[in-house]
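Q: I am new to this structure. Please take one part and walk me through it closely, then connect it to the rest.
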Amino acid sequence: MSKSIMAPGPVTLDVIGLELNAEDRRRILHPLTGGVILFGRNFSNRQQLTKLTASIKKLRPDVLISIDHEGGRVQRCRADGFTHLPAMRKLGDLWGVKNKSTHPAESAAIAMAAATACGYVLASELRACGVDFSFTPVLDLDFGRSGVIGDRSFSRDPQIVFALAKSLNEGLRLGGMANCGKHFPGHGWAEADSHVAIPVDERSLKQILNDDAKPYEWLDLSLAAVMPAHVIYPKVDKNPAGFSKIWLHSILRQELGFEGVIFSDDLSMEGASVAGSVVKGAEMALDAGCDAVLICNRPDLADQLLSKLKVSKAKQEESKERLNKLMPTAISPAWDALQSESEYQHAKGLLQQLDLID
């Protein structure tokens, strides 16, 4: 399939195990499929992961192979040479640390350099194994309220979150990978975990826009993709952000001028249950402004989506154009070549020097 006729569909789904089975192949070949998301269960070692990604690309060169790989407790590939990256809180902690310099900006510069190094290591290691994209960085503010966010957040301060996310995104870009800010407009205040409950954030639109949403506004053109939160903000809309035209169209697209890809969060999560069936949820998400919908850990629901979801040609065209921009454009070095690359060695050396990795 040549680049000119790449036509990813709006559904991102997962695969069962360490290699593709007949059911996986059938789903990947479906024209509504546009992405495959990998989990820890799909990784045993680098050779196996590289073989798995190659088999997916052989079937469908136009699907985006993605993973949730942030560092800290959210890192799917943890063995066989993969760097154990720090939780993003560790980068935020570097900001403001007193050092030998009398200049207060030095700690900020060090934290930003470390964030770029993290992004570079993360992207280059995944790309060496055939993974195109990671759902990172977390832009949520850490209010000390949300256990599911916690140390995945850089900071409580939106300016620090912005600066470190922009630096991390630059590292991702240098490693050949796009980025995805999550969870718009902010999951840091709502205490419930949207994997198992329906979180509610009672704050006003003004409060959220002046605080949580600031990193999205400031990142502007450097933000390639966004994932909205499965959180209800009743002062703004009765629907969770991922199903809300107000949040996705009026605010994110129109007011903040975002032109990249909008991914729904996983439609099998409890936070998505307010939409009803998985097909209804996908329709609502796409209608609200999402370009792609995720369905994870439920192959039965993935089959329902692929057989029943109706997407207009105009919507598919619009989403396809955006999704193709997330695809890596350069060939990345293989793992062994990466190990001797000076930029990679430099990035890992900096992280070691700062005691962020072993």
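In which loop does Pro-137 lie?

A: Pro-137 lies in the loop between strand 6 (133-134) and helix 5 (158-174). The model is a predicted one. Start with the bond that leads into this proline. The peptide bond from Thr-136 to Pro-137 is cis. Its omega is near 15°. Most peptide bonds are trans.

Now follow the loop to its far end, helix 5. Helix 5 packs with helix 4 (residues 105-128). The angle is about 35°, and the axes are 6 Å apart. The crossing of helix 4 past helix 5 is right-handed. From helix 4, the contact uses Ala-111, Met-112, Ala-115, Thr-116, Cys-118, Gly-119, Tyr-120, Leu-122 and Ala-123. From helix 5, Ala-163, Leu-164, Ser-167, Leu-168, Glu-170, Gly-171, Leu-172 and Leu-174 take part. Sorted by class, this contact has 12 nonpolar residues, 4 polar and 1 charged.

Go back to the start of the loop. Residues of this stretch meet Ile-67. Ile-67 is found in strand 3 (residues 64-67). It touches Phe-133, Ser-134 and Phe-135, among others. Its further contacts include Ile-37, Leu-38, Arg-76, Cys-77, Leu-126 and Val-131. That count leaves out residues up to four places away in sequence. Is Ile-67 buried or exposed? It is buried, because its relative accessible area is 1%, and the cut-off for buried is under 20%. Phe-162 is another matter. Its C-alpha atom and that of Ile-67 are separated by 22 Å. Along the chain, the two residues are 95 apart.

A second cis bond comes later. It joins Phe-184 and Pro-185, with omega about -5°. Pro-185 lies in a loop too, between strand 7 (181-184) and helix 6 (205-209). So two cis bonds are described here, one into Pro-137 and one into Pro-185.

Next, look at the backbone angle phi. Most residues other than glycine have a negative phi. Asp-220 has a positive phi of about 45°, although it is not a glycine. Asp-220 is found in the loop between helix 7 (214-219) and strand 8. Its relative accessible area is 38%, so it is partly exposed. Asn-297 also has a positive phi, near 65°. Asn-297 sits in the loop between strand 10 and helix 10 (299-308). At 42% relative accessibility, Asn-297 counts as partly exposed.

These two loops lead to the strands around strand 9. Strand 9 (residues 261-266) is mostly covered, with 6 of its 6 residues buried. Strand 8 (residues 225-228) runs parallel to strand 9, and 2 bridges join them. Here Ala-225 stands opposite Val-261. Strand 10 (residues 292-295) also pairs with strand 9 in the parallel sense, over 2 bridges. In that pair, Asp-266 of strand 9 faces Leu-294 of strand 10. Helix 8 (residues 245-255) belongs to this part as well. Together, strand 8, helix 8 and strand 9 make a right-handed β-α-β unit.

To return to the request: the loop with Pro-137 runs between strand 6 and helix 5. Helix 5 packs with helix 4.

Conventions. Residues numbered from 1 in each chain as written. Predicted model: local features only at pLDDT ≥ 70, side-chain atom pairs only at ≥ 80, totals over all residues. Heavy atoms only, no water. Buried < 20%, exposed > 50% of the residue type's maximum accessible area, 1.4 Å probe, protein only. Helix = DSSP H or I, 4+ residues; strand = E, 2+ residues; numbered from the N terminus. Pairing = 2+ DSSP bridges. Right-handed = clockwise from strand over helix to strand, strands pointing away. Axes fitted to C-alpha atoms, helices over the stretch in contact; angles between N-to-C directions. Left-handed = near helix turned anticlockwise from the far one by under 90°. Contact = heavy atoms within 4.5 Å. Nonpolar A, V, L, I, M, F, W, Y, C, P; charged D, E, K, R; others polar.
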